[in-house]
Amino acid sequence: MSERLTLEELEELRHCEPRRAAELALEAAAGADDEERLALLGIYGSCQRKLAKLDEAHNVLSHGLRIALRRGDRSACGDFRQRLGYVFADRGELRLALKAADRAIIDHTLARDSVGRAKALVDRGFWLYHLDRIDEAIECQKAALIDLPDSVPRSKYSALVALGHYYRKLGDLDEADRYAALAVEPAEELGLAPRGHLIWLRAEIAEGRGKLAPAQSLYAETVRIYRSLETPLDAGLAAVQLVRLLYRQRRFDEAVTTATSIAWLLEPLKRNRVASATIVDLIVKSDAGKLTLGLIDSAIQEIKRARTHHKRRVCSKFKS
Amino acid sequence: MATSEERSLTDEEMDAYAESQLERVQQALKLEFQTRRGSVGRVTEALGVGEDYFRQSRHKKRDLGLKLLFRSLAQLKIDPLLFFLKALGPVDDELEKAEQPEGPPSEAVRRIAGRLLDE
């Protein structure tokens, strides 16, 4: 194993620095025992997926699964199936991702690995949600939380934030708020991106509840975080949501100022024609005094579409 | 399973076959319970059996009664046809195919897996 990082640390690193984590996994293999090699294959494969190298990710993970099956290592089979589920989802095969999660749940159950099973339940919940089966997704995330200890903050955070998001979608803002509050503690142990997701969710909940002052500062914080993380689509969406919040309060001057202040997004978004054209349109019309709620809503929808398309290839919102 | 054209099964083979299929049904039911929070308690209460009924079934202390199984599925609002198709149908070919490597191990796989590839 690497002298610097444990497997758990390497697994965590892959979420924020997949390229570095992949390099370290390759280096660590030299001195690793068989069990560690199998784990490193999983981490390396997930790094490739995070880097949008889906064919290489599939190659690594499918060979890893084959080895795990041959060794009769049920828990490792479940782990590889979970990771493969994300590759299937990124390829747009959500039904396959769900099947992979189901199989992973059985693998972990047979291995008597309750934490592994709970993690697979979190994944199952994601795929159910994306398949528009939100009620089942909620039950699934709640079932996962029963067996998720504090020692796995990322999965716990993922299940809690997902529940907050699902309840917000359903319009139950009390429940959404409750789960968002519960996610604060596990989020503190994670990186900036999960904290950004949580702040964003809380901004949306606050807006839904009509708590406009906190919503404004939470949206502004979200934009700052995603700007620093260099994820312009997320920053752009949160920024336009902030413009809408101001406009709805009839603070038109501030809405225009905020809209024109997002010109910095054009450079990082230059490869994304739809998103950059949307932002240009918003800025130009704001400058010309033609900012309307319809224009803002349409910009939000366009950026959401661009973001979904991008994330389908690169990563998902709550976990990767 | 052997067909009648081949040869009759021995009692031991039939038992082993029956147990393997029962295991698949139990695993499928367990999966359904696991994905519905608190459902074991709700179902066992509705059916008037002890909370450990399904756990005992799983450990083969007691075969899972068909009537109770169907009543459980009704409680969980699961279509029995879909349940049995999922539980006893052929292994999911679509998933199995998707899980197969699409080519020989890449250089990185060879480097990380090392001797594990040759086991």
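Here is a walk through the contact between two chains and then the nonpolar cores, in a model that is predicted.

Let us start where chain A meets chain B. On one side 47 residues of chain A take part, and they are in contact with 34 residues of chain B. The size of an interface is often given as the accessible area lost when the parts come together. Here the area buried between chain A and chain B is about 3500 Å², and carbon and sulfur atoms give 55% of that. If you would like places to rest your eye in chain A, try A:Leu26, A:Arg37 and A:His63: they lose the most area to chain B, together 15% of what that side buries.

What about charge and polar groups across this boundary? The count between chain A and chain B is five salt bridges. A:Arg81 forms a salt bridge with B:Glu99, and the closest N and O atoms of that pair are 2.7 Å apart. Turning to polar contact, the count between the two chains is 12 residue pairs, with both residues at pLDDT 80 or more.

Which helices of chain A supply at least two residues each to the side that touches chain B? They are α2 (18–29), α3 (34–50), α4 (54–71), α5 (74–90), α6 (94–110), α7 (114–130) and α8 (134–147). The helix that gives the most is α4(A), with 12 residues. Sorted by class, the side of chain A that touches chain B has 22 nonpolar, five polar and 20 charged residues.

Now let us move to the cores. The largest nonpolar core has 82 residues, and A:Leu41, A:Trp127 and A:Tyr166 are those with the most contacts inside it. A:Leu41 is a good one to look at in detail. Leaving aside residues up to four places away in sequence, A:Leu41 touches A:Val60, A:Leu61, A:Gly64, A:Ile67 and A:Phe80 in chain A, along with B:Val109, B:Ile112 and B:Ala113 in chain B. There is also a second, separate core of 34 residues, which includes A:Leu233, A:Ala259, A:Ala275 and A:Ala306.

Our last stop is A:Leu237, which lies in helix α13 (residues 232–248) of chain A. Is this residue, A:Leu237, buried or exposed? A:Leu237 counts as buried because its relative accessibility is 2%, where the cut-off for buried is under 20%. Again not counting residues up to four places away in sequence, A:Leu237 touches A:Trp200, A:Ile300, A:Ile303, A:Lys304 and A:Arg307. For a sense of distance, A:Leu237 and A:Lys290 are 53 residues apart in sequence and 20 Å apart in space, C-alpha to C-alpha.

Definitions and conventions: Residues are numbered from 1 along each chain as its sequence is written. Chains are lettered from A and ligands numbered from 1 in the order in which they are written. This is a predicted model: local features need pLDDT of at least 70, side-chain atom pairs count only at pLDDT 80 or more; totals for chains, interfaces and linings use all residues. Side-chain values use heavy atoms; hydrogens and water are left out. Contact means heavy atoms within 4.5 Å. Buried area is the accessible area (1.4 Å probe) that two parts lose on being put together, summed over both. A salt bridge is a side-chain nitrogen of Lys or Arg within 4 Å of a carboxyl oxygen of Asp or Glu. A polar contact is a pair of N or O atoms within 3.5 Å; within protein, one must be able to donate a hydrogen and the other to accept it, and residues adjacent in sequence count only if both atoms are side-chain atoms. Helices (H or I, at least four residues) and strands (E, at least two) are DSSP runs, numbered from the N terminus. Ala, Val, Leu, Ile, Met, Phe, Trp, Tyr, Cys and Pro count as nonpolar, Asp, Glu, Lys and Arg as charged, and the others, Gly among them, as polar. A nonpolar core is a set of buried Ala, Val, Leu, Ile, Met, Phe, Trp, Tyr and Cys residues joined through side-chain atoms within 4.5 Å. Buried means under 20% relative accessible area, exposed over 50%, partly exposed in between (1.4 Å probe, protein chains only).
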